[in-house]
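Biologist: Could you take one part of this model and look at it closely, then set it in the context of the chain around it and of the neighbouring chain? A connected account would suit me better than a list.

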Amino acid sequence: MSAASVRAEAKRLLALSLEGGVVSSELVGAVLAALTKSRSAHQLRPLLRAYLTNVRRELARGEARIEHAGPLSSADADAIAAHFSKALGRPVRPVARRNDALLAGFRVRVADDVTDLSAALRLANLAKSLS
Amino acid sequence: MTFLSLVLAAETVHAEKAHESVWPIVGSFGVDGPHLLVQLVNFAILAFILHRFAIKPALGQMEERNRLIEKGLADAQAATQRLAEAQKASDAKLNAASDEAAKILADARNAAKAAVEAAKAEATAAQTEVIAKAKAAIEADRVKMMNEVRGEVSRLVVETAAKVLEQNLDDATRGRLNEAAVKQLAR
C-alpha cells in the first residue's frame, strides 16, 4: 500500500470509530478486531500506526489539557472546558495536571491550539520586550 | 719653286730697287734687308703655326679649364647653399623635435600628475570608506553589546522575579490567581 492509500484507509477507519463525533472505545476495539482478521502483518503495521495517530489526534481534539500552577478546582476546570466546547462547537472534557513552573495561572491545549494565561508566559513576554 | 724662293726672288728684285734708295742707309747700320724680310716671313709663319697649333689649343684648354673651375666654383657655391639649406632644415627639424620632446615631456608630466591625483583621490575615497565601515562596525558592535546587556539584564530580572514569585506564592494566592484567570478566559 502506498502512503497516501494508508492515510486514506486510516481516515476511513477513524470515521468508523466515532460515535456522535466522539471516539468510542467499543468501536475502536471492533475496528482493530476486524483489521487483524482481514489484513496481513506487513500491511497491518503502517495502517495501525496511521490509525493510532488519527485516534490520538481525535482524542486530543476532545480534550482540554490544562496545566496549572497551584490548586485548580474542578469547577474551574469544568468552566475552562465549557469555554472551549462553546468556542470550538464540540464537546471538550478537561484533563488537568499541576505544573508549578507556570508560577501562577494555567495553560490550556486543545488539539493544536494553546491558550496560555500563566505568569511564566507573562514574565517571558516581559523579558522579550525588555531585550 | 717654292713660295719662299719666289718671295726671296721678289725680295731680291725689290731689294735691288730699294737698295738704291733706302738700303744704303739701312745697310750702314748692318741690317740685311732681304734677310730681315725672310726672317719676318719666317716669324709670321712660325707665329701662325704657334697660334694655330699651340696657343689656340692652349687657350681653348685654358678656357675649358676656366669653365670647369667656374663650374666647380658654382657647384661648390650651390653645394654650400644646399649645405646651408640642409643645415637650416636640420635645425628646423631639430627645433621641431625639441618642441615635440618638450610637449611629450609636458604631457607625460601632466599624465603623471593626473595619475597621482587620481591615486590620491582613490586612496582618500578608500580611506573614507574604511573609516565609514569601521564606524558602522563599531556602532553595530555597540548596539549588539547594548542589546546583549539589555537582554541579559532582562533575563536576570525575569529569572529573579520568577524565583521570588515561586518562593513567595502560596497555594491560596495561586488559587486566587487561577480563579482570576478563569474569569479572564470567560470574558
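Modeller: The part I would start from is helix α1 of chain A, whose buried residues pack against β1 (18-19), α2 (25-38) and α3 (41-61) of chain A. This is a predicted model, and what follows should be read with that in mind. The buried residues of α1(A) are A:Ala10, A:Leu13 and A:Leu14. Seen down the axis of α1(A), these buried residues fall within an arc of 100 degrees, so they line one face of the helix. On the other side of α1(A), A:Ala4, A:Ser5 and A:Ala15 are exposed. The helix itself covers residues 3-16, and at 1.5 Å a residue its 14 residues should span 20 Å, which agrees with the 20 Å that separates its end C-alpha atoms.

To place this helix in its chain, the secondary structure of chain A comes to five helices and six strands, and from the N terminus on these elements run α-β-β-α-α-β-α-β-β-β-α. Of the 131 residues in chain A, 24% are buried. Among contacts in chain A between residues at least 6 apart in sequence, 59% join residues at least 24 apart.

Further along chain A, strand β3 (residues 63-68) pairs with strand β4 (residues 93-98) in the parallel sense, over six bridges. Within that pair, A:Ile66 stands opposite A:Ala96 in β4(A). The chain passes from β3(A) to β4(A) through helix α4 (residues 74-88) of chain A, and this β-α-β crossover is right-handed. Strands β5 (residues 105-110) and β6 (residues 113-118) of chain A also pair over six bridges, but in the antiparallel sense. Here A:Arg107 has A:Asp116 in β6(A) as its bridge partner. Two residues lie between β5(A) and β6(A), which form a hairpin, and in the turn A:Ala111 has a positive phi of about 55 degrees.

The neighbouring chain is built from other proportions of elements: chain B has four helices and zero strands, in the pattern α-α-α-α along its sequence. Of the 187 residues of chain B, 3% count as buried.

The two chains meet through 22 residues of chain B, which are in contact with 21 residues of chain A. On the chain B side, the elements that give two or more residues are α3 (33-168) and α4 (171-186) of chain B, and the largest share, 11 residues, comes from α4(B). By class, this side of chain B has 10 nonpolar, six polar and six charged residues.

One residue of α4 in chain B gives a detailed view of how the chains meet, namely B:Asn178. B:Asn178 is buried because 27 other C-beta atoms lie within 10 Å, where 20 or more are needed for a residue to count as buried. Leaving aside its neighbours within four places in sequence, B:Asn178 is in contact with A:His68, A:Gly70, A:Leu72, A:Asp76, A:Gly105 and A:Phe106. Some of these partners belong to elements already described: A:His68 falls in β3(A), which covers residues 63-68, A:Asp76 falls in the crossover helix α4(A), residues 74-88, and A:Gly105 and A:Phe106 fall in β5(A), residues 105-110.

Notes: Residues are numbered from 1 along each chain as its sequence is written. Chains are lettered from A and ligands numbered from 1 in the order in which they are written. This is a predicted model: local features need pLDDT of at least 70, side-chain atom pairs count only at pLDDT 80 or more; totals for chains, interfaces and linings use all residues. Two residues are in contact if their C-beta atoms, placed from the backbone, lie within 7 Å. Ala, Val, Leu, Ile, Met, Phe, Trp, Tyr, Cys and Pro count as nonpolar, Asp, Glu, Lys and Arg as charged, and the others, Gly among them, as polar. A residue is buried if 20 or more other C-beta atoms lie within 10 Å of its own, exposed if 12 or fewer, and partly exposed in between; C-beta atoms are placed from the backbone. The expected span of a helix is 1.5 Å times one less than its number of residues. The arc is that of the directions from the helix axis to the C-beta atoms. Two strands pair if DSSP finds at least two bridges between them. A crossover is right-handed if, with the strands pointing away from the viewer, the path from the first strand over the helix to the second runs clockwise.
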